[in-house]
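Please work through the exercises below with the sequence and the structure at hand. Each task is followed by a worked solution.

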Amino acid sequence: MTELERRYRRVLRLLPASYRQAWEQDMVATFLAGAVPDDPEDAEFTAEYGRPGWAEVVSVLGLAVRLRLGGAGAPAHFRVWGGAMQRAALAVLLVYAVNALAGVRMLLWLPLRFPGLVVLGQSGAAALLGLSWVAAYLALVLGHRQLARLLMGLSLLLSAVTAGAAVVAGGGAYWGSRVAELLVSAFAVVAASAAFHRDAEPVRSRPWLTALPVGAVLVTVVLLLIQHPGDGVLVDGPGLACAALIAAVLFQQITSAAERGGSAGMWPVALVLLTFAALGLRVVTLLDYLTFTARASRPNALVTAAIVEAVVLVLVTGPLAVRAFRTLPRATHPADPRAGSRDA
């Protein structure tokens, strides 16, 4: 075995073992045929000192991601992970889309409820720019994946700009929360781009389309009930996310006995992934509250609420996480040979 072949085989270790067992020899032969020149001297030098090209490495990496987030014909283990990643990414995008619609409604409603109040400037611009998440979410749900990737990238960029502007305007206060929010946004964009690949199974669009207006109405009602100019905010965005996750986990646990089919294992894993994201955001915002809440009117209530939300979410999600990963199917058979022949 030449050194070049060893290097190709090391790159192919990125692929699942079941897939390598079926296709490694063919893929190595294809790579070597394209890499080794016809001239004997050049062929000997390449065989000893040549390396896989970056395009080949990226191609194998992309194939590894698609296989591990598998679609139709993939092993059950990978189908569950793919479906769970789709649902987790869609749920995060749904939160941003709902918040954007609720924010615009608040811009229109607050001046009517509190005459003389001006809700413009930076907060108003951020609310309007947030509508790009609505467009990205709808494009992804409706199956326009390339357009969705473009809109998600644009939304992430706009979020970074507005977060930076907010940190500068606030004199550096709550910068950790802003960074954590951007990381969650980036997770959603990367997860959606990876999970909604060309071989991925489509999601049912109707429930996700229905969730957008329903969620926007519910969040708007909550914001109208809990917010008042000058009183501060007791239930913040991470708090609402924790509450929504607690309700979703409880609903999943209650209905799990009646669930059938592949999606029954996808939602528990997706909810666990979302719990990690929500807890990370909750902990970072809690640290920011402990540092900066001298500026708020109800610092003790803010900190107490954040701690209670985090603790309750951990207690509720713990049993679901144990059950989800105990029952997660294992990949015991090779992937669909037709998929291998296409990608090899």
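The two exercises that follow concern nonpolar cores and a buried polar side chain in a predicted model.

**Exercise 1.** Determine which helices supply the largest nonpolar core, and which residues touch the most other members.

*Solution.*
Step 1. The largest nonpolar core holds 57 residues. Within this core, the residues touching the most other members are Leu 90, Leu 93 and Tyr 137.
Step 2. At least two residues of this core come from each of helices H5 (76–113), H7 (131–141), H8 (145–169), H9 (175–195), H10 (205–226), H11 (237–255), H12 (263–292) and H13 (299–326). H5 gives the most, with 16 residues.
Step 3. Consider Tyr 137, leaving aside neighbours within four places in sequence: Tyr 137 is in contact with Leu 90, Leu 93, Leu 94, Ala 97, Trp 208, Leu 209 and Leu 212.
Step 4. Another core, of 15 residues, lies apart from the largest one; Tyr 19, Val 28, Val 60 and Ala 64 are among its residues.

**Exercise 2.** State whether Gln 86 is buried or exposed, and identify the backbone oxygens that lie 3.4 Å and 3.2 Å from polar atoms of its side chain.

*Solution.*
Step 1. Gln 86 is located in helix H5.
Step 2. The relative accessible area of Gln 86 is 4%. Buried means under 20%, so Gln 86 is buried.
Step 3. A polar atom of the Gln 86 side chain lies 3.4 Å from the backbone oxygen of Ala 195. For the backbone oxygen of Glu 201, the distance to a polar atom of that side chain is 3.2 Å.
Step 4. Beyond neighbours within four places in sequence, Gln 86 is in contact with Ala 195, Phe 196, Ala 200, Glu 201 and Val 203.

Note on methods: Residues numbered from 1 in each chain as written. Predicted model: local features only at pLDDT ≥ 70, side-chain atom pairs only at ≥ 80, totals over all residues. Heavy atoms only, no water. Core = buried A, V, L, I, M, F, W, Y, C linked by side-chain atoms within 4.5 Å. Buried < 20%, exposed > 50% of the residue type's maximum accessible area, 1.4 Å probe, protein only. Helix = DSSP H or I, 4+ residues; strand = E, 2+ residues; numbered from the N terminus. Contact = heavy atoms within 4.5 Å. Polar contact = N/O pair within 3.5 Å; in protein donor to acceptor, adjacent residues only side chain to side chain.
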